[in-house]
Amino acid sequence: MGGKIEQLERRPAAGEEVVDLRVRHSALLGIPVKAAGLAPADLAPLAVAAAFAAGTTRLPRLGPTDKGERHQQLAAALSINGATALVDAGGLMVGRPRAGGRLGGSRVEAGRDARFGAAMLVLGLGAAEPVSIADESPLRAALPDWLGSLEALGAQFSRRLP
């Protein structure tokens, strides 16, 4: 997609390989994403990046058992937040808002999926209008320090009572 991402350090941590990254602002381009090596958890962050990219990004179905539910959920969340999103037999196509449109401004039901909720909040950080998630408790349980880390970098989140 043309992002400026530099790997700084690769090391084992808690039984998994982790990498420190330096990510710099850059223009993104829509691309066809290959299914090889792609996991369901990868779809939401890629779809959010695609909402900011010039052109269209195609996110494929992930095998014969993929019925497209994740693609439908992403398309709905991105569409209500201004992105162009269409699901077809091959997967999900995502692009920037149509002329005159803006990203953000809606509330998303992330359910129990912390990574989906995190991706939608990242959409809101870059969008013209905020994006909210209905319940942040799954996100806080799965990624307890994540919101605080973003706030330490300057992100601002507001919390509304139900």
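Helix H1 (40–51) offers a good way into this structure: the cover over its buried residues includes strand E3 (57–60), H2, E5 and H3. Here contact means heavy atoms within 4.5 Å, and buried means under 20% relative accessible area, with exposed over 50% and partly exposed in between (1.4 Å probe, protein chains only). Helices (H or I, at least four residues) and strands (E, at least two) are DSSP runs, numbered from the N terminus. The model is a predicted one, in which local features need pLDDT of at least 70 and side-chain atom pairs count only at pLDDT 80 or more, while totals for chains, interfaces and linings use all residues. Residues are numbered from 1 along each chain as its sequence is written, and side-chain values use heavy atoms, with hydrogens and water left out.

The buried residues of H1 are Leu43, Ala44, Ala47, Val48, Ala49, Ala50 and Ala51. A nonpolar core is a set of buried Ala, Val, Leu, Ile, Met, Phe, Trp, Tyr and Cys residues joined through side-chain atoms within 4.5 Å. The largest such core has 34 residues, and those with the most contacts inside it are Leu74, Leu78, Leu92, Phe116, Met120 and Leu123. At least two residues of this core come from each of helix H1, helix H2 (69–80), strand E5 (91–95), helix H3 (114–126) and helix H5 (146–152). In soluble globular proteins, nonpolar side chains tend to be buried together. Leaving aside neighbours within four places in sequence, Met120 is in contact with Val48, Leu74, Ala77, Leu78, Val108, Val131 and Ile133.

Met120 is also among the buried residues of H3, along with Ala114, Phe116, Gly117, Ala118, Ala119, Leu121, Leu123 and Gly124. Their cover includes H1, H2, strand E6 (107–108), strand E7 (132–133), helix H4 (137–142) and H5. The expected span of a helix is 1.5 Å times one less than its number of residues; for the 13 residues of H3 this gives 18 Å, which agrees with the 19 Å between its end C-alpha atoms. At the N-terminal end of H3, Asp113 acts as a cap, with a side-chain oxygen 3.2 Å from the backbone nitrogen of Arg115.

Turning to the strands, two of them pair if DSSP finds at least two bridges between them. An open sheet of 3 strands has the order E3-E5-E4, with antiparallel pairing. E3 and strand E4 (84–88) each have a single partner strand and stand at the edges, so one side of each is left without a neighbour in the sheet. From one strand to the next, the twist averages 20 degrees; axes are lines fitted to C-alpha atoms, for helices over the stretch in contact, and angles run from 0 to 180 degrees between N-to-C directions. E3 and E5 are joined by 4 bridges, and Arg58 stands opposite Met93 in E5. H1 packs on the sheet, touching E3 and E5, and its direction makes about 35 degrees with that of E5. H2 lies across E3, E4 and E5, running at about 160 degrees to E4.

On the other side of the pairing scheme, 5 bridges join E4 to E5, and these strands form a hairpin with 2 residues between them. Ala85 has Val94 in E5 as its bridge partner. Met93, at 23% relative accessibility, counts as partly exposed. Not counting residues up to four places away in sequence, Met93 touches Thr56, Thr57, Arg58, Thr84, Ala85, Leu86 and Asp88.

Technical notes:
Polar contact = N/O pair within 3.5 Å; in protein donor to acceptor, adjacent residues only side chain to side chain.
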